Amino acid sequence: MHRILIIAPNWIGDAVMSQPFLAALKLNYPKSQIDVLATPWVAPIYRACPEIHSVIEAPLEHKKLQWALRRQLAQDLKVKSYQACYVLPNSFKSALIPWLANIPFRLGYRGEARFGLINFALNNPSKTERPPMVERYLALAHLLNNEGQAQNTGSPVPSLQSSAEITHTTQDKLARANIKPHALYIFCPGAEYGVTKRWPADYFAALAEKVLGQNIENQIILLGSQSDHHSGQIIAQQNPDRIHNWCGETSLDEAMAVIGLSKTVISNDSGLMHIAAALQKPQIAIFGSSDPKHTPPLSSKAKVIWLNLPCSPCHRRECPLGHLKCLKGISPEQVFNSITAE
């Protein structure tokens with residue numbers, strides 16, 4: 001196959017965990033051109049994947065059909081004569097574009113009544129026995145045989161590469177703020193899924209006090225979306241000279257570069273957690289309602305803190321028991337001790 005299209009997932013973490021799948025595709029089809037269709041939200045992840053030839057951005061919105069937009073995208077893609085399209089999301093609407101574009105091989109998992117839209121499919125794994133997301137995506141890379149050749153698996157560990165231009169710009173920005181990368185800690189207090197993935201902001205604030213007290217040079221940058229800015233304010237208010245609230249003030253490309261230049265990352269189970277792992281940064285990952293066996297930070301430099309209570313993982317957006325013990329039971333002292341034990 002000479003031209004392959006990927007329909008990207010909608011979550012940053014899922015996009016990061018699809019990189020080993022891209023690497024496996026490139027190994028199996030070394031002469032192929034691999035393009036990805038992605039929302040602006042996750043497009044920066046694929047710009048950091050060396051396997052991708054071009055990123056096609058489209059303002060596709062969650063839970064909206066957007067029929068006219070999908071039909072127009074299909075017409076635009078049809079002239080590029082893709083031989084295959086891998087549809088990574090499970091939704092019906094995500095399979096519409098390659099079908100409308102008459103791409104011959106349309107591969108993905110069965111789901112949401114998309115029989116016919118996907119013509120080479122794998123069964124979805126049981127929800128009670130979820131495999132790691134990386135393995136789930138990797139299985140799709142081997143759905144077609146490459147002219148009888150042995151299938152390559154590639155590395156199951158995601159790897160991203162920020163561009164030299166963005167890295168240089170970020171280095172200049174840190175220098176202007178008198179922030180030294182060797183003493184820079186990144187806190188990621190958000191998680192798009194909901195409160196059951198967010199370690200309390202006052203716990204992050206207590207941890208920040210300990211980190212800053214450890215060394216006079218230490219500084220903290222808070223990263224996240226605009227919705228995390230208020231939590232960032234709570235954390236930063238105790239020491240605004242050394243805690244910098246950049247939540248909602250950086251692009252994802254810039255956030256990736258900042259993480260890549262930092263000393264250590266402390267985060268919830270979030271997209272930024274997976275980015276830190278893919279950049280091989282020392283990190284502490286705090287898990288609450290989610291399952292670290294299903295979506296772990298795939299890095300030898302990552303430490304996971306998870307209480308594994310009888311009620312978890314519940315995968316709920318709000319605590320069904322009302323106490324949030326899975327997160328509140330993780331103390332700032334415990335996290336700080338994990339940092340200093342590195």
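This report describes the overall build of a predicted protein model and then some of its local features.

**Basis of the description**

Residues are numbered from 1 along each chain as its sequence is written, and side-chain values use heavy atoms, with hydrogens and water left out. Since the model is predicted, local features need pLDDT of at least 70 and side-chain atom pairs count only at pLDDT 80 or more, whereas totals for chains, interfaces and linings use all residues.

**Overall build**

The protein contains 13 helices and 12 strands; helices (H or I, at least four residues) and strands (E, at least two) are DSSP runs, numbered from the N terminus. Its radius of gyration is 21 Å, close to the 20 Å given by the globule rule for 342 residues, so the protein is as compact as a globular protein of that length. This radius is taken over C-alpha atoms, and the rule is 2.2 Å times the number of residues to the power 0.38. The C-alpha trace spans about 60 × 45 × 40 Å along its principal axes.

Of the 342 residues, 53% count as buried. Buried means under 20% relative accessible area, exposed means over 50%, and partly exposed lies in between (1.4 Å probe, protein chains only). Among contacts with a separation of 6 or more, 61% come from residues 24 or more positions apart; a contact means heavy atoms within 4.5 Å.

**Aromatic pairs**

A pair of aromatic rings is described by the distance of the centres and the angle of the planes. Rings of Phe, Tyr and Trp (its six-membered ring) pair if their centres lie within 6.5 Å; planes under 30 degrees apart count as stacked, over 60 as edge-to-face and the rest as tilted. By this rule the protein has 5 aromatic pairs. In one of them, the ring centres of Phe-21 and Tyr-86 are 5.4 Å apart and the planes stand at 70°, so this pair is edge-to-face. Phe-21 belongs to helix H2 (residues 19–28) and Tyr-86 to strand E4 (residues 84–87), so the pair ties together parts 65 residues apart in sequence. Phe-21 is buried, at 0% relative accessibility, and Tyr-86 is also buried, at 0%.

Phe-105 and Phe-120 form a tilted pair, with 5.3 Å from centre to centre and 40° between the planes. Phe-105 lies in strand E5 (residues 105–109) and Phe-120 in strand E6 (residues 120–122), so this pair ties together parts 15 residues apart in sequence. Phe-105 is partly exposed, at 33%, and Phe-120 is partly exposed, at 31%. Ring pairs also link Phe-187, Trp-199, Tyr-203 and Phe-204 into a cluster.

**A covered helix**

Helix H10 (residues 252–261) is mostly covered, with 8 of its 10 residues buried. Among the buried residues of H10 are Leu-252, Met-256 and Ile-259, as well as Asp-253.

**Residues in loops**

Two residues have a positive phi although neither is a glycine: Asn-102 and Asn-178.

| Residue | Phi | Loop between | Relative accessibility |
|---|---|---|---|
| Asn-102 | about 60° | helix H5 (96–100) and E5 | 54%, exposed |
| Asn-178 | about 55° | helix H7 (164–176) and strand E7 (184–188) | 54%, exposed |

Asp-241 sits in the loop between helix H9 (229–236) and strand E9 (243–245), and Asp-241 is exposed, at 65% relative accessibility. The C-alpha atoms of Asp-241 and Ala-177 are separated by 10.0 Å, while the two residues are 64 residues apart along the chain.

The peptide bond from Ser-312 to Pro-313 is cis, with omega near 0°. Pro-313 is located in the loop between strand E12 (302–305) and helix H12 (325–328).
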